[in-house]
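Student: I'd like to go through this one and ask how each label is justified. Can we put the values next to the cut-offs?

Tutor: Sure, let's have a look.

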Amino acid sequence: MTSVRVTHATGEYTVHVEPGALGRLGELLGRGLGHRHLGYISDDTVAALRAQWNLQLPQDGLFTFPAGEASKTRKTWSRLSDALLAAGYDRQSAIVALGGGVVGDLAGFVAATFLRGIPYAQVPTTLLAMLDASVGGKVGVDTALGKNLIGAFHPPAVVIADPLTLLTLPDRVYRAGLAEAVKHGVIADAEYFAWIERSAGRLLARDLEALTHLVTRSVEIKAGVVSEDEREGGRRAILNAGHTIAHGLEQESAYQLPHGEAVGLGLIAECRIAERMGLVADGLSERVRVLLATLGLPTRVATPPAMARVLEAMLHDKKNRDGAIRLALPVALGRMHEGQGKYTVPVTQDLLASAVSGLAS
Ligand code: NAD
């Protein structure tokens, strides 16, 4: 087992990473949450897997919703909150989020608002949720005007990641998490990036030892950044590497392009921009492209994206200031631009357009 401590403004919590951790879920939850009445929140796909994982949950303490991003709404949040109230949950209760990032964001938001906030545990079951979404305390729901627009900062009391659960993930969902791990290498750790290059075969085969290292190192990197800047005032912006262009591409595709695939494409395009601006030596974008391709992630788009719509989406990015689109960009493999406390740089629309259209050639 490995564990990582994550500190935040009002305390700290442990992320346990251990194949087989679900087998001693009760004990690990007890250590993180104390003695509390637990309400488990999950989606129907994950809830159906619990027999396969030998996971016994109290039938009257399990609250589920249909799997998928379309459920991450205020409607599901209110339905879950009402069900917990009707079942007698109170301030001495706690929530356990069992599932991917959708469950974690939604259940975390229920916990943040239930009786003005009760503790919760994250038990992530997708790679993306293990190495990214379950850490950092951002919780919330989507609205018709955009993703994650209503939410809160509510750090979990404990995170319990069992890499064995990743064996049932569909390939495409699994690989989406690998794109975020590549991003962690680019922003903070050249040696970790090189380890992913060397370990691609084991990672694609979902070797448990390789997965445990992957999740642990990524969580350490994310934890290091969010501990310094919990509320996204400064350095946390570097976690957005690749994401500004990714959001533009996702929105332009009307969310047909999966987020993880968009992040990989965004990372390549943003590294190319850093090269063209002379911030980083040529060659980084190609190294990133080759690794993503090796991991089975797309590195080009089939048809050129409608640039006006991509730009429109990027213009609404929350990192922007004074109407300029700003990106978090690398200055070397494993190091991001951090000039005088400014973690993003303004980028011209011409440069953005040429990098995005470059993804189609
Ligand atoms: P998800 O939760 O929808 O899971 C993807 C699919 O995999 C779902 O159908 C789910 O039922 C299924 N699944 C989950 N675990 C499984 C398993 N072990 N075996 C088989 N199937 C399984 O999506 P996701 O990719 O995990 O997360 C995406 C969400 O995470 C987005 O809403 C995004 O906004 C959010 N997110 C949040 C943060 C944050 O900091 N809070 C960071 C990144 C992403």
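Student: How do you know that the span of helix α3 (residues 74-86) agrees with 1.5 Å a residue?

Tutor: Keep in mind that this is a predicted model. The 13 residues of α3 should span 18 Å at that rate, and the end C-alpha atoms are 18 Å apart, so the two agree.

Student: Which residues of α3 are called buried, and what makes them so?

Tutor: They are T76, L80, S81 and L84. Buried means under 20% relative accessible area, so each of these falls below that cut-off.

Student: And how do you know whether the buried residues of α3 line one face or not?

Tutor: Look down the helix axis: the buried residues of α3 fall within an arc of 130°, so they line one face. In general, an α-helix has 3.6 residues a turn, so residues three or four places apart point the same way.

Student: What does the face of α3 turned away from the buried side carry?

Tutor: K75 and A86, which are exposed. That label takes over 50% relative accessible area.

Student: Why is A293 called partly exposed?

Tutor: A293 is in helix α12 (residues 284-294). Its relative accessibility is 37%, and partly exposed covers what lies between 20% and 50%, so the label fits A293. As for where A293 sits relative to V345, they are 52 residues apart in sequence and 28 Å apart in space, C-alpha to C-alpha.

Student: How does the reach of helix α9 (residues 208-228) compare with what is expected?

Tutor: α9 has 21 residues and reaches 30 Å from first C-alpha to last, close to the 30 Å expected at 1.5 Å a residue. At its start, a side-chain oxygen of D207 comes within 3.2 Å of the backbone nitrogen of E209.

Student: Now the ligand. What makes its pairing with the side chain of T126 a polar contact?

Tutor: The cut-off is 3.5 Å between N or O atoms, and a ligand oxygen is 2.6 Å from an N or O atom in the T126 side chain, so the pair qualifies. The side chain of T125 has an N or O atom 2.8 Å from a ligand nitrogen, and that of D43 has one 2.8 Å from a ligand oxygen.

Student: How much of the ligand does the protein bury?

Tutor: Taken alone, the ligand exposes 870 Å², and the protein buries 86% of that.

Student: Which residues come nearest to the ligand?

Tutor: Of the 26 around it, E69, G101, T125, T126 and T168. By class, the shell has 10 nonpolar, eight polar and eight charged residues.

Key:
Residues are numbered from 1 along each chain as its sequence is written. This is a predicted model: local features need pLDDT of at least 70, side-chain atom pairs count only at pLDDT 80 or more; totals for chains, interfaces and linings use all residues. Side-chain values use heavy atoms; hydrogens and water are left out. A residue is near a molecule or strand if one of its heavy atoms lies within 4 Å of it. A polar contact is a pair of N or O atoms within 3.5 Å; within protein, one must be able to donate a hydrogen and the other to accept it, and residues adjacent in sequence count only if both atoms are side-chain atoms. Accessible areas come from the Shrake-Rupley method with a 1.4 Å probe; for residues, only the protein chains shown count as cover. Ala, Val, Leu, Ile, Met, Phe, Trp, Tyr, Cys and Pro count as nonpolar, Asp, Glu, Lys and Arg as charged, and the others, Gly among them, as polar. Helices (H or I, at least four residues) and strands (E, at least two) are DSSP runs, numbered from the N terminus. The expected span of a helix is 1.5 Å times one less than its number of residues. Buried means under 20% relative accessible area, exposed over 50%, partly exposed in between (1.4 Å probe, protein chains only). The arc is that of the directions from the helix axis to the C-beta atoms.
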